[in-house]
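Hi,

Here is the structure I said I would pass on. Have a look at it first, and my notes follow underneath.

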Amino acid sequence: MKTSWRSASLVASAAAVLALTTACGQDSPPAASQNVGATAAPGDYGSIGSGTAGTAGGAATGQPSAPSASSPSNPAGKLSVSTAEKVGKVVTDSLGLTLYRFDQDTAEPPKTNCDGDCAKTWPPVPADDAEAGEGIDKALLGTVTRADGTKQLTVGGWPAYRYAKDVNAGDVKGQGVGGKWYALAPDGKKAQGGAGAGAGAGGEAVQAGLSTRNDAKLGEIVVDKNGMTVYRFKKDEAWPKPVSNCSGACLEKWPLVEPVDFNDTKGIQKKGYMIFDRTDGKGKQQTINCSPIYTFAGDKAPGDTNGQGVGGTWYAVRPDGKLVGASE
């Protein structure tokens, strides 16, 4: 499979990050900062569906009630293309089960960020026996080595998964789960047929990486590229440098927002817009006004605000980084 590494601009950006040392809140905020600690505070990250704006249908990492054909031991076999209602063309395995991709993975280079309980709900597709069937370009098939040494199939660079709740050929119950899981289109992009306005060629959403929307109850709040509500954790720190106090099981419920170039935002305050390095091995995280930001696994669709007020510590975010409905 052909993959391309990010250009030297990333190297230059990294160098610029190291050179900038302006503290949070000053008029010329740095592009990034080193975290001084990202230790998990036990509890206080809430139960999925316990927010004040409604209940969710369960965690994105919730366990299925019964075993399914999506077992990690099942070979992929010959891949093919099927058409799913409202989703469009999707890649399926030899059993007709839909294959998915995860927004928190990367394709260039291929890397998987779904392990542990996540991999029980989203079993990785073994690469060993996978082959291209009708409608699949074999040049787009590849492999990525997981932390346990096993080989996982990639399509267009994206690690491929099944969904444990898909039990019959043609099921696409994993589509859009948590705003981060999408069926794989034959070209490796997200299958988003029928997305309508705002969708570009190949079904990719044409929306800023971070933008705002007017919520009927909360007012103007920040949303990510999938339209999912963005939140802050009151136990985090912003001054003088960002510190995340959500890790481990907390991050399963409150996935971190990965870095978004400011040029890929709309309506977001520039002052204090920066990224920082976490110390728990989860890489870099985006901030607004120096405060770390997250999404909520209990939000199942764009417009959901199930995370608002969870545990008295999680709140949606204003474009200037302030909490919605809570004091700082």
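Before anything else, please keep in mind that this is a predicted model. Below I go through the strands, then the salt bridges, and end with the confidence.

Let me start with the hairpin. Strand β12 covers residues 210–215 and strand β13 covers residues 219–224, and the two pair in the antiparallel sense over six bridges. If you want a spot to start from, L210 stands opposite D224 in β13. Three residues make the connection that joins β12 to β13 as a hairpin.

There are also two open sheets to look at. One has three strands in the order β3-β2-β7, with mixed pairing. Its edges are β3 (88–92) and β7 (131–132); each has a single partner strand, so one side of each is left without a neighbour in the sheet. Strand β2 (residues 78–84) and β7 run parallel and are joined by two bridges. To find that pairing on screen, go to K78, whose bridge partner in β7 is E131.

The other open sheet has three strands too, in the order β8-β9-β10, but here the pairing is antiparallel. Its edge strands are β8 (141–145) and β10 (158–159), each of which pairs on one side only. Between β8 and strand β9 (residues 151–155) there are five bridges, again in the antiparallel sense. One pair to click on is T143 with its bridge partner L153 in β9.

Now for the charged side chains. How many salt bridges does the model have? The count comes to eight, and I picked out three of them for you.

- R162 with D93: the closest N and O atoms are 2.7 Å apart. This pair links distant parts of the chain, with R162 in the loop between β10 and β11 (181–183) and D93 in the loop between β3 and β4 (100–102), 69 residues apart. Both ends are out of the solvent by the accessibility criterion: R162 is buried, and so is D93.
- D115 with R146: here the closest N and O atoms are 2.9 Å apart. D115 lies in the loop between β6 (110–111) and α2 (117–121), and R146 in the loop between β8 and β9, so the pair ties together parts that are 31 residues apart in sequence. The two ends fall into separate classes: D115 counts as partly exposed because its relative accessibility is 40%, whereas R146 has a relative accessible area of 8% and is therefore buried.
- R213 with D215: the closest N and O atoms are 3.1 Å apart. D215 is buried, since its relative accessible area is 12% and the cut-off for buried is under 20%. Both residue numbers fall within the range of β12, residues 210–215.

Last, the confidence. The protein averages a pLDDT of 79, and 73% of the residues score at least 70. Over residues 47–69 the pLDDT is below 50, and this stretch has 56 contacts in the model beyond near neighbours in sequence. Residues 194–206 also have a pLDDT below 50, with 18 contacts in the model beyond near neighbours in sequence. Where pLDDT is low, the predicted coordinates should not be read in detail, so I would treat the contacts of both stretches with that in mind.

Cheers

Terms used: Residues are numbered from 1 along each chain as its sequence is written. This is a predicted model: local features need pLDDT of at least 70, side-chain atom pairs count only at pLDDT 80 or more; totals for chains, interfaces and linings use all residues. Side-chain values use heavy atoms; hydrogens and water are left out. Two strands pair if DSSP finds at least two bridges between them. Helices (H or I, at least four residues) and strands (E, at least two) are DSSP runs, numbered from the N terminus. pLDDT is the predictor's confidence in each residue, from 0 to 100. Contact means heavy atoms within 4.5 Å. A salt bridge is a side-chain nitrogen of Lys or Arg within 4 Å of a carboxyl oxygen of Asp or Glu. Buried means under 20% relative accessible area, exposed over 50%, partly exposed in between (1.4 Å probe, protein chains only).
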